[in-house]
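Got the structure open in your viewer? Keep the selection tool handy and follow along, stop by stop.

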Amino acid sequence: MPRRYLLVKVLADESVTEDQFRDILTGAVRKSFGEIGYARIDPKLVRFDSKRSTAIVACKPSMVSELEAALSLICGGEKAPMAPLVLQVSGTIKGLQKRLN
Amino acid sequence: MPSFVDLHVLPHVDDIKSCRQIAQTLALAGYSMIGLTVPTGLFHDRLAEVRRTFSDYDVETVTRVDFASRSRGELLRSLRKFRTVFDIVAVKCLNDHVAHVACRDRRVDLVFFELENPKVRLTHAMANMLRGCIELNMAPVILRTGAVYGTVSRQFVLAKEHSVKVVLSSGLDRAELVRSPIQMVALAATLGLPRIEAVKGITSIPMSAVETNLKKRSPDYIEEGVRVVQRKPR
């Protein structure tokens, strides 16, 4: 099944773990688009580098815009502010690795 | 690659550390130009220092002022006094009287509304006579203060109906509210703005507003259609 991959830089005061980011991501998509939207977008955390605070997130090709919008709406609240920046979108993980390196 | 412009950045001018953080994040996100919103009475050296902070990260700056006038007279006085001082002039519409004047006046580049305030909104009449652009700030959308999504969608519908240019800005005052151009376009597209318009709203429309104003502020500019092409040698 073809997928689109998003390179996300997570900017946060405190370091974020892979599990935390996965929870935040699924929570944000569910909150913005509901359960049906979640199933349609089908977001998956493919890779997470806690040292560099970067993540690669996959989704269905037709739903990239929705995933980007859901990621934009993550702000982490007053106590632990967070800004996920979508830096690049690609059809392959290799394409994103080039940017990372 | 197009140059991405965010015309509404409100840094804390007294806090250079925060300015640096914002500049760094904006550069990482891919912006090449920003509208630095500063108070009208800011000292020149302070402004120069803030601008230098942004230019250190290769982010070009233009100065911008936001007028939040309560009356028509106050707005006109402010425009008369500060139009030539700033590169971009925006009006925050606090009531309908001010909104009508701001939409009609050609000195106003951008008009924006408080998304949380349901009493003052863009109407058909305003959209019809709007000479500048309507600006949408994403910070209230990101922070979800109030039911703003409906208001934003309605603005997009009106803008489309009256062929009004839409500028997408962040309206950020801290680094955590920076979103990449990809995200800004996606968010606007999700809320109802056609994707092509959303891309223009972050690239060509704000850029042309800046270029037009810079041209007007140059010493060679006389009036619309008239400019100095050559000066007599002294």
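What follows is a short walk through the two chains, with something to select at each stop. One thing to keep in mind on the way: this is a predicted model.

**Stop 1: the sheet of chain B**

Start by selecting the strands of chain B. You should see an open sheet of seven strands, running in the order β1-β2-β3-β4-β5-β6-β7 with parallel pairing. Which strands sit at the edges? They are β1 (4–9) and β7 (166–169) of chain B, each of which pairs on one side only. As you turn the view, look for the twist, which averages 30° from one strand to the next.

**Stop 2: β5, β6 and β7**

Now narrow the selection to residues 110–113 and 133–137 of chain B, which are strands β5 and β6. These two pair in the parallel sense over two bridges. Click on B:Val111, and opposite, in β6(B), you'll find B:Ile134. Then add α4 of chain B (residues 96–104), a helix that packs on the sheet and touches β4 (88–93) and β5 of chain B. The direction of α4(B) makes about 155° with that of β4(B).

Next, bring in β7(B). How many bridges join β6(B) and β7(B)? There are four, again in the parallel sense. One pair to pick out is B:Glu135 with its bridge partner in β7(B), B:Val167. While you're on β7(B), show the side chains: B:Val166 and B:Leu168 point one way, B:Val167 and B:Ser169 point the other way, and all of them are buried.

**Stop 3: a covered helix**

Select residues 181–190 of chain B to get helix α8. Buried or exposed, what do you expect for α8(B)? The helix is mostly covered, with 10 of its 10 residues buried. Among them are B:Ile182, B:Met184, B:Val185 and B:Leu187, along with B:Gln183 and B:Thr190. Step just past the end of α8(B) to B:Gly192, where phi is positive, at about 120°.

**Stop 4: two helices in chain B**

Hide the rest and keep α1 (residues 16–29) and α2 (residues 44–55) of chain B. Their axes are 8 Å apart and the helices pack at an angle of about 35°. The crossing of α1(B) and α2(B) is right-handed. To see where they meet, color B:Ile16, B:Cys19, B:Arg20 and B:Ala23 on α1(B), then B:Glu49, B:Val50, B:Thr53 and B:Phe54 on α2(B). Sorted by class, this contact has five nonpolar residues, one polar and two charged.

**Stop 5: two helices in chain A**

Over to chain A: select helix α1 (residues 18–41) together with α2(A). Here the axes are 10 Å apart and the angle is about 160°. Because angles over 145 degrees count as roughly antiparallel, that is how α1(A) lies relative to α2(A). The crossing of α1(A) and α2(A) is left-handed. Residues to color in this contact include A:Ala28, A:Val29, A:Ser32 and A:Phe33 of α1(A), and A:Glu66, A:Leu67 and A:Ala70 of α2(A). The contact as a whole divides into eight nonpolar, two polar and one charged.

**Stop 6: where the chains meet**

Finally, show both chains. Here 17 residues of chain A are in contact with 16 residues of chain B. Which elements of chain A should you select to see its side of the contact? Those giving two or more residues are β1 (4–12), α2 (64–72) and β4 (82–90) of chain A. By class, the chain A side has 12 nonpolar, two polar and three charged residues.

How values were computed. Residues numbered from 1 in each chain as written. Chains lettered and ligands numbered in written order. Predicted model: local features only at pLDDT ≥ 70, side-chain atom pairs only at ≥ 80, totals over all residues. Axes fitted to C-alpha atoms, helices over the stretch in contact; angles between N-to-C directions. Left-handed = near helix turned anticlockwise from the far one by under 90°. Contact = placed C-beta atoms within 7 Å. Nonpolar A, V, L, I, M, F, W, Y, C, P; charged D, E, K, R; others polar. Buried ≥ 20, exposed ≤ 12 C-beta atoms within 10 Å, placed from the backbone. Pairing = 2+ DSSP bridges. Parallel < 35°, antiparallel > 145°, perpendicular 65-115°, else oblique.
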